Amino acid sequence: MERSADMMEKVVSLCKRRGFVFPGSEIYGGFVGSFDYGPYGVELANNIKAAWWQAMVNRESNVVGLDSAIVTHPKVWEASGHVGGFSDPLVECKECNTRSRADHLLEEVGVFADEKMTVEEINTVFDSVRDKIVCPKCGQKNFGSVTKFNLLAKTNLGNFKDDWNADPTYLRGETCQGIYINFKNVLDSTRVKVPFGIAQIGKAFRNEIAPRQYIFRKREFEQMEMQMFVAPEAEMTVYEEWKKKRMQYYLDLGFKQENLRWHEHENLVFYAKAAFDIEYNFPFGFKEMEGVHARGDYDLTQHQKFSGVSMEYLDPYTNEKYIPHVVETSVGVDRTFLAVMTEFYDEDELGGEKRVVLRFPKKLAPIKVAVFPLLKNRPELVEKAKEVFALVSEHMRAEFDDNGNVGKRYRRQDEIGTPYCVTIDFDTLGEEKPEFKDTVTVRDRDTGEQVRVAITELIEYLK
Ligand code: ATP
């Protein structure tokens with residue numbers, strides 16, 4: 001479908017209407033940058049995470065998993081550089097006090113800037129085009145000067161003083177620091193040897209100045225990160241391998257190549273060797289979905305320096321000692337979720353009726369099979385349908401639905417992307433046509449075609 005504001009509205013409305021995504025704290029008027037996943041949203045998000053884990057951990061012989069704490073010793077964030085430098089450039093409209101990301105406003109008028117620039121650099125750039133930049137809220141062109149705003153969110157967890165701000169620690173701003181600080185633990189407790197990777201899925205928190213574009217930019221979000229620890233001379237070869245694998249991953253999931261592209265960072269941080277993003281064609285255009293970075297030995301060196309614990313690796317074959325270099329892949333669950341909703345959203349006509357259909361790949365579909373009794377008020381149909389539901393739900397995520405007529409149920413299942421609907425009708429009971437006894441109708445989401453399948457063969461058919 002054509003990418004547009006209209007498409008975004010349709011996706012957002014479908015997500016709310018069908019229980020994928022709800023605005024956070026809605027009954028209290030909402031809470032900016034916060035969203036809740038509803039009954040189908042949590043299934044889709046879980047399937048996205050499972051697909052990632054399968055590709056990154058299960059299928060990789062030298063990658064292992066981890067689930068580290070969200071709140072850590074505050075020194076972790078000093079070592080990582082987040083306390084000192086994890087900030088975005090902020091600019092405030094003098095007319096309506098709306099705060100915006102200065103780099104994003106500059107991007108809109110075709111001028112490059114990013115969070116790695118100093119305050120002086122970004123102010124010079126901003127001042128040179130000030131007369132072209134308009135406030136996204138009130139449309140005026142009256143801004144103050146650009147300042148830097150730290151994105152880390154503080155917490156008083158473990159602090160029992162009256163002053164909440166005394167000795168703060170932080171909610172993690174990214175999941176990978178938990179991986180670096182466990183590098184030695186994993187090495188000493190498992191069979192892995194360099195090169196090996198540690199993968200983790202978990203929540204991260206950032207005080208985003210202007211969370212916009214729905215779940216694309218949240219303040220509480222979820223990341224799926226994998227850090228590969230490699231010998232210094234292998235870094236770029238491993239980096240190229242992972243670049244290929246990560247793009248292929250999206251194609252294997254069913255994304256179209258034309259909606260994916262690589263974007264090279266214009267401005268590398270001093271320690272990085274290479275940084276590319278996979279951008280997806282969201283309804284508001286191509287934007288970062290995943291980062292693939294060659295980070296040198298910066299992360300482990302910093303933690304060695306701040307903790308005093310050696311991060312050196314002794315190569316058992318060459319007896320060489322070195323601090324491993326890191327190749328990172330980092331993607332957000334929420335951005336993948338929005339990309340999946342966008343990629344597989346479709347509208348077509350089936351049997352002369354317009355419909356909305358989510359053409360999810362089966363592995364991502366929240367519900368794999370819906371089971372219906374043809375009529376709700378016929379106990380013999382309902383009983384048989386419940387039996388079939390019990391059978392199917394042993395094998396896959398299924399849903400029992402007896403609301404409204406069958407046509408309406410099909411529309412609803414199309415809108416949540418269910419690949420198959422199974423209907424139990426009078427033929428199933430074998431009342432008039434004994435040859436159809438104990439068979440059901442299976443309807444395909446994409447084609448609308450229906451076939452008759454024996455209940456004894458149903459699981460095999462669906463699988
Ligand atoms: P951006 O430039 O869009 O702010 P970033 O470069 O700061 O993103 P990274 O720090 O590289 O992002 O984080 C890795 C991934 O985590 C991103 O590619 C994205 O998928 C996800 N992510 C980062 N920030 C957010 C957020 N505020 N909301 C949702 N997902 C996020």
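## A cis peptide bond before strand 9

Pro195 sits in the loop that joins helix 8 (183–189) to strand 9 (196–205). The peptide bond leading into this residue, from Val194 to Pro195, is cis, and its omega is near 5 degrees. The model discussed here is a predicted one.

## Ala199 in strand 9

Strand 9 contains Ala199. This residue is buried, because 22 other C-beta atoms lie within 10 Å and the cut-off for burial is 20 or more.

Once neighbours within four places in sequence are set aside, the contacts of Ala199 are Met56, Val57, Val63, Gly65 and Met226. Met226 is 27 residues away from Ala199 along the chain, yet the C-alpha atoms of the two are separated by 4.1 Å.

## Positive phi outside glycine

Two loop residues are described here for their backbone angle. Tyr214 lies between strand 9 and strand 10, in the loop. Its phi is positive, about 60 degrees, although Tyr214 is not a glycine. Is Tyr214 buried or exposed? Tyr214 has 21 other C-beta atoms within 10 Å and is therefore buried.

Asn97 belongs to the loop between strand 4 (87–92) and strand 5 (99–101). Phi of Asn97 is also positive, near 65 degrees, and this residue too is other than glycine. Asn97 counts as exposed because it has 11 C-beta neighbours inside 10 Å, and the limit for that class is 12 or fewer.

## Helix 9: length and sides

Helix 9 covers residues 235–253, which is 19 residues. At 1.5 Å a residue the helix should span 27 Å, and its end C-alpha atoms are 27 Å apart, so the expected and modelled values agree. After helix 9 comes Gly254, with a positive phi near 115 degrees.

Which residues of helix 9 are buried? They are Glu235, Tyr239, Arg246, Tyr250 and Leu253. These residues cover an arc of only 75 degrees around the axis, and therefore lie on the same side of helix 9. As general background, an α-helix has 3.6 residues a turn, so residues three or four places apart point the same way.

The cover over the buried residues of helix 9 includes helix 2 and several strands, among them strand 10 (220–230), strand 11 (260–264) and strand 12 (274–282). Strand 13 (285–294) and strand 16 (325–332) are also included in that cover. On the face turned away from the buried side, helix 9 carries the exposed residues Thr237, Lys244, Gln248 and Leu251.

## Helix 2 against helix 11

Helix 2, part of the cover of helix 9, also meets helix 11. The axes of helix 2 (residues 39–58) and helix 11 (residues 333–344) come within 10 Å and cross at roughly 110 degrees. The range from 65 to 115 degrees counts as roughly perpendicular, and the two helices are therefore roughly perpendicular to each other.

Helix 2 contributes Leu44, Ala45, Ile48 and Lys49 to the contact, and helix 11 contributes Val333, Thr336, Phe337 and Val340. By class, the residues of this contact are six nonpolar, one polar and one charged.

## The protein as a whole

The secondary structure consists of 15 helices and 23 strands. The C-alpha trace spans about 80 × 65 × 50 Å along its principal axes.

Of the 463 residues in the protein, 35% are buried. Among contacts with a separation of 6 or more, 64% are between residues 24 or more positions apart. The pair Ala199 and Met226, 27 residues apart along the chain, is one of the contacts of Ala199.

Notes. Residues are numbered from 1 along each chain as its sequence is written. This is a predicted model: local features need pLDDT of at least 70, side-chain atom pairs count only at pLDDT 80 or more; totals for chains, interfaces and linings use all residues. Axes are lines fitted to C-alpha atoms, for helices over the stretch in contact, and angles run from 0 to 180 degrees between N-to-C directions. Helices (H or I, at least four residues) and strands (E, at least two) are DSSP runs, numbered from the N terminus. Angles under 35 degrees count as roughly parallel, over 145 as roughly antiparallel, 65 to 115 as roughly perpendicular and the rest as oblique. Two residues are in contact if their C-beta atoms, placed from the backbone, lie within 7 Å. Ala, Val, Leu, Ile, Met, Phe, Trp, Tyr, Cys and Pro count as nonpolar, Asp, Glu, Lys and Arg as charged, and the others, Gly among them, as polar. The expected span of a helix is 1.5 Å times one less than its number of residues. The arc is that of the directions from the helix axis to the C-beta atoms.
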